[in-house]
Structure formats: structure tokens, C-alpha cells
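User: Could you walk me through reading strand pairing and helix packing in a model like this? I'd like the general idea and then the case at hand.

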Amino acid sequence: MPGYTTADIRNIAVTGPAAAGKTTLIEQMLFNAGIIGRAGRVQDGNTVCDFDDLSREFGHTLDSTLVHFDHEGHHINVIDTPGSPDFIGKTISALPAVETVCVVIDATVGVETFARRIMKIAAERNLPRMIVINKIDHIDDVARTLAEVQEAFGAVCQPLNLPANNGTSIIDCFANATGDSDLGDVAAFHSAIVDQVVEVDEDLMAVYLEEGEVTPGQLHDPFEKALREAHLVPICFTDARDNIGVRKLKDIFAHLCPSPLEGNPRSFEYSDGGEIRRVQGVPDPGKPLIAHVFKVAFDPFVGKLSVFRVHQGHVGHDFQPRVGDARKGIRIAHVFKLLGKQHAEIDQIIAGDIGAVAKIDEINFNSVIHSDGVADDLHIRPWPLPRPMYGLAIEVTATGAEGKLHDALAKIVAEDPTLEIERVQATGETVMRGLGELHLRAKLKLLKDRYGLDVRTRPPRIPYKETITAPAEGHHRHKKQTGGAGQFGEVYLRVAPLGGEDGAVDGLLFVDDTFGGSIPRQYLPAIEKGIRQVMQGGAVAGYPMEGIKVSVYDGKFHAVDSKEVAFMTAGRKAFIDAVRKARPVLLEPFVRLDVTIASSMIGDISSDLSGKRGRIMGADTLAGGMATMHAEVPLAEVMTYASQLKAMTGGVGVYAMEYSHDEPTPPDIQARVIADFKPRDDDD
């Protein structure tokens, strides 16, 4: 048994923009706790959290990492998370595992968009939040950043402590009402946070109004209630590089942040007779097991590693729980506590704790591990992961390495919920999609370093579609004599844009309008098959077709030479003949683009998107001088928008993109695409 209980556990996700000092802050905590003998540095590549080669090479945290330490009778699990927008999926994925989200902000930079996104998601999912303003040796910047935080996130943001003595120390302003800080009189800040806390407890407020002061002990329970109800977002100050304020931050984690018994529980869902029901795990070790897998990694030494949070029950040696709706249980032989790359085997992971299991193929990201007595289809309420839209077409350079690439990609995708691999039938390409250029660059490096695979990349082709805009007729007579039995089939057909008729399958409505036996019925499926071959491979530009009605109305056959293959060929070529007369058009995909930028940049971004054939659909004003613009833009114009927006906004702007609809391609672009198409010429 571990030497702590569920009530002793504190689960904290340390989040925030890249270079804010998250990893350095955690490194100092581990040093202060005696876990490590010397605090490492990110630039030296020797920190506990950035232990993988990619993070060291890129100089940024690229994956979530779990560490733990004990402090004053409490067991504290801390998850270090990436701060780059390209890896925000790993950050969001870690949030269901914790009770508190700690957002670190660089005082020299201020409130960045990444911090706003995490604060918003945490608030929407009812997760208590706190803010750490780091690098307090820059006093002027600290004052500005505090004001910016309160403007961006509201008056619920109040300091628990303050920088003092020119950023060389901190002074408590929650339990202490005297002294001076670098930001002014401590008494004023003390009154502000006490006022905020007592508002959630009417009895304590009455005492406070009557006596003018309350004790720290009286404030403890209301403080946690204010956190849970988002009535308070406490602010702390540190300088992680010089280990200033870090010990006090550990005290706050241990004594003021909620335990699994006190926090707002995560929601799980299951289907009951077609109705979705929502339940919450109870952190009681005696109840049936409910554990959620929030991270999967492939470790070169231990194999597949699944990291999970126990929301109910407990996990121990020789357990045989089930995964999702699987009927057969899995056997858990060993459970581990993680400290960076170290795996320490323990007897069990108790309710509220975070642990890992290894070498169990059935467990995947987002799996729910459960015992009998729990709904088979139980799953965690989905979290708002961004959809990967930035893509690269990839192919191996070595002959015969396609199978190895397939296996490697499957493992990489299993580790990252915001990475997708798509085989685009329209273009014949394998496309890797992620959240940005840095995201994909890291994955390509992983392919090379971990799996020994070199790949070529290029921008993916746009997945156009073909359709027609007018009715037309087509005809083809297929006749082939090769010495023995020949081939003969003749087909007359009409095409028209598909309206609202019922019966269409995959964008095609096939109709038999023949009469008098001009084409025997056994050959009609072959004609349809030939037409569907064209629908799949395109008639004018090589892209899939949709929205077409085809009626076969006449034809001829030969009693000896007619065969299915002959009518398949005749049908295919008659269809191509008709489509080319039916004013064909290319449809291009449009995406909905939501761009979050400083309000002062609305004009520049609007002008840029208009130049990309985009339509501005509106804008929402956000706190802190920010705004989100909504636009519909052709996908072809924003394939590299991540790097473009980064250049335009100095890295501050972020965007989300998803498919919206298709529209006809402009004539000049259509002519160019069609000119590049080289149809195969065959009579098969």
C-alpha cells in the first residue's frame, strides 16, 4: 500500500505558453523535495520532464510528463505539459486527470493566447484554476502582467502572495495583512482576496463584516469552495530560475488545492436504451474500478505504456478488469508510478491517484478501464481537442518500406490524439495531418530517429470533386475481335445534375430506362460498374464525382460476343463522353476558419483573408483586447496558414479550421487542374 490516502493526493497540471518556465518550475520543486540532487536546465537538456530526445533537440516540452513528490504529508502529482500551440492536444488530454490547472505566465511577455485557451477550456469543464506569474525579477513587467491578467480573466483573479525586495523574495498577502511589496501595500491585496473568498460563505462574511478580520483556518474551506465554484482564481509569483517562491507554491499545492475528494469530478457517459446518461466517479477504493487513460507512449525499454487516472476504485497486481466494451478482461501484472522516464513498481494505484501499466495492447488513448458492475460503453465526456488540418503528403524513400511505415505511423498516431494519417483516395496520397509545421516536423523526426524511416514530403493535393451542371447524352460502341470470341457492347445514356431524387448511392443515381430488350438486364450491373469506376477516378481531372443522375436508355448487344466486360467498358466510355458535354465543374473544399488575434489586427487579417478568396462571417470581441474572426475560405488558400499567421502576428495569433462545404472552382484554377490531368487510355 502507498504511504498516503486519497485525501492526501493533489493532482496539478502545470500549463502555459512555451518558454514561460513550466519545466524549470517543476525542476525546482523536485530539487526542493529532495527528489533530485541538482536542478537541471532546459537549455542543457538535463531536466526530469524533458527526458526524451525530441524535447531536448527542439528545446521545448513536446509531450506531457508525470512527476510526483511528497510535501508536508501530501502526495503531489504534477503533469508538465507542452506550451506550443502545435502540441496543445497533449495539454488538453492531461486535464481530465487533475483537480487543479495551474497556468504559468511569463511576466516579461504577458498574457498570451495559449494561456487564454487553456483558461477557457478549464473554466468550461469546471476545473479549478490558478495562475503563476513567473520571472518576478522584472518588476515593471510583473505589475503590467498582473493588471493584464485581471483584465483578461476578471476580478476573480487575486494574488495569494506578492513579489518583494526587488523580486528577490515573496510576501504572503492571504494570511498576512502587513508589510510592503514591490506592487504596493500588502494590506490592500489582503483585503481584496479575503473579500473574494468570504463571499461564498454567508456566515463567515457576517463574522468578517463584524470583526474586520478572519483567521487563515476559517478561510480554508471557503477558499476551496471559491476555487471549485470559479469564484476565485488565485495568483502566485515565482522566479523559477532562482528558486524564488517555489517552496511557497508547493505549500499552496499541498494545503490549498483540492484533493480528489474535494475537487469537481470528471463526467463519464454511457448509453441506456438509446438515452445518454452521465455519471461521475466516486474516489472510493471500495467501489467498482473506473480509470481513464489520458496518455499512451511507446517506451523503447518497456514497450507500450498507458498512463491513467483512477477516478473510482483501485488498480493492483493481478487485476483482470475490462477495457471499454470488450467482453474479455485484461490481466494487469504490474502497476507503476512515473517520475519522468523512471518507472517505479508499486502494489496498487488508489482512488484519485495517477499510475501506468505496460505492454497491454488492448489499452489505447481515452480508454476506460473498469471492473464488472460498470456500463460496458462507459466513456469520458469528450474534451475539445483541436482538429488537425495542416497536412503533408508523405512517402518512404526506400523500396519495400511501406509496411514498416504503416506500422510506425500506427504507433505514432496512437500516442497523439491530434495527429491523423489519411489515405486520400482522390489523390492517391498518404497525408499526415497535424496542428502545424512544428508538430509535423517533430513527428517526421520521430519516424527517422525511433523507427529508422526516411520519408519524402510535399504539400498534399487539394481533394477536389467533379460534378456536372447541365444535362447531356453520351454513347460508346465497344467492339473488339481477337481471333476467337470477340467483345461487343453498345450503350446510349443521359446524364443530369442530381436533384433531390431518392435512391442515390455515393453521389450517383443509376436508372434503367431501356425498353424492348435493347440491352439484356444481366448487363446493366456491368454498365453501372463501369460508370462507378469513373465516378471514383474522375472524368475530367482525376477526382471523385458526385451529384449525377445517369439513365441508360438504349444500346445493342451480340448474342455471341457480348460479355459483361464489354458493357462495363462501353458504359464507362459513354459516361465519360456525356460528362464532357455536360459542362463539368470542379468543386473545391471550403473551410470555416476561426482566427483569434489582437483586436488591433482585425483589419490586417480581414484584408489578408479577403485576398485569399475568403468571406468574413463576423467577429467576436474577447476580454483583454482580443477578438476571434470567423471566415469561410478555400482550403487551397490556407494550406500553409499556420506559418503565415505566425509571421503576421509575431506568433500571437491562433486559428481553428474545419471543413465547411464545397463550391465551384474559379475557371482559371479549374482549367489549370484539368490541363494537368493525364487520363489513362485503355480498352479493357
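User: How many bridges join E12 and E13, and in which sense do they pair?

Analyst: Start with the general idea: strands of a sheet pair through backbone hydrogen bonds, either parallel or antiparallel. In this predicted model, E12 and E13 pair over six bridges in the antiparallel sense. To follow one of them, take Tyr 270, whose bridge partner in E13 is Arg 277. The hairpin of these strands has two residues between them, and Gly 273 there takes a positive phi near 65°.

User: Which strands make up the sheet around that hairpin, and in what order?

Analyst: The sheet is open, with three strands in the order E13-E12-E23 and antiparallel pairing. Its edge strands are E13 (275–280) and E23 (379–380), each pairing on one side only. On the E23 side, E12 (residues 267–272) forms two antiparallel bridges. Phe 268 has Ile 380 as its bridge partner in E23, and Glu 269 stands opposite His 379.

User: What should I keep in mind about side chains along a strand?

Analyst: In a regular strand, side chains alternate between the two faces of the sheet. Keep that in mind while we turn to another sheet. It is open and has four strands in the order E29-E30-E32-E31, with mixed pairing. Because E29 (472–480) and E31 (508–512) stand at the edges with a single partner strand each, one side of each has no neighbour in the sheet. From one strand to the next, the twist averages 25°.

User: How many bridges join E30 to E32?

Analyst: Eight bridges join E30 (residues 487–497) to E32 (residues 548–556), and these two strands run antiparallel. One pair to look for is Val 495 with its bridge partner Val 550 in E32.

User: Which helices lie across the strands of this sheet?

Analyst: Helix H12 (residues 524–537) lies across E30, E31 and E32, and runs at about 155° to E31. Helix H13 lies across E29, E30 and E32, running at about 35° to E30. For a residue-level view of H13, pick Lys 581, which belongs to this helix (residues 564–581). Its C-alpha is 9.5 Å from that of Val 495, although the two are 86 residues apart in sequence.

User: What does Lys 581 touch beyond its sequence neighbours?

Analyst: Leaving aside residues within four places in sequence, Lys 581 is in contact with Ala 472 and Glu 473. Its side chain also joins that of Asp 577 through a polar contact of 3.1 Å.

User: Now for helix pairs. At what angle do H10 and H11 pack, and how far apart are their axes?

Analyst: A good habit is to read the angle, the handedness and then the residues. H10 (residues 402–415) and H11 (residues 437–451) pack at about 120°, with axes 11 Å apart. That angle makes H10 oblique to H11. The crossing is right-handed. The residues making the contact include Leu 405, Ala 408 and Ile 412 of H10 and Leu 446, Leu 447 and Tyr 451 of H11. By class, this contact has seven nonpolar, no polar and five charged residues.

User: Where can I practise the same reading, and which residues meet there?

Analyst: Try H14 (residues 602–611) and H15 (residues 641–649), whose axes come within 11 Å and cross at roughly 150°. H14 passes H15 in a right-handed crossing. Asp 604, Ile 605, Asp 608 and Leu 609 in H14 meet Tyr 641, Leu 645, Met 648 and Thr 649 in H15. The class count is five nonpolar, one polar and two charged residues.

Methods
Residues are numbered from 1 along each chain as its sequence is written. This is a predicted model: local features need pLDDT of at least 70, side-chain atom pairs count only at pLDDT 80 or more; totals for chains, interfaces and linings use all residues. Side-chain values use heavy atoms; hydrogens and water are left out. Contact means heavy atoms within 4.5 Å. A polar contact is a pair of N or O atoms within 3.5 Å; within protein, one must be able to donate a hydrogen and the other to accept it, and residues adjacent in sequence count only if both atoms are side-chain atoms. Axes are lines fitted to C-alpha atoms, for helices over the stretch in contact, and angles run from 0 to 180 degrees between N-to-C directions. Angles under 35 degrees count as roughly parallel, over 145 as roughly antiparallel, 65 to 115 as roughly perpendicular and the rest as oblique. A crossing is left-handed if the near helix is turned anticlockwise from the far one by less than a right angle, and right-handed if clockwise. Ala, Val, Leu, Ile, Met, Phe, Trp, Tyr, Cys and Pro count as nonpolar, Asp, Glu, Lys and Arg as charged, and the others, Gly among them, as polar. Two strands pair if DSSP finds at least two bridges between them.
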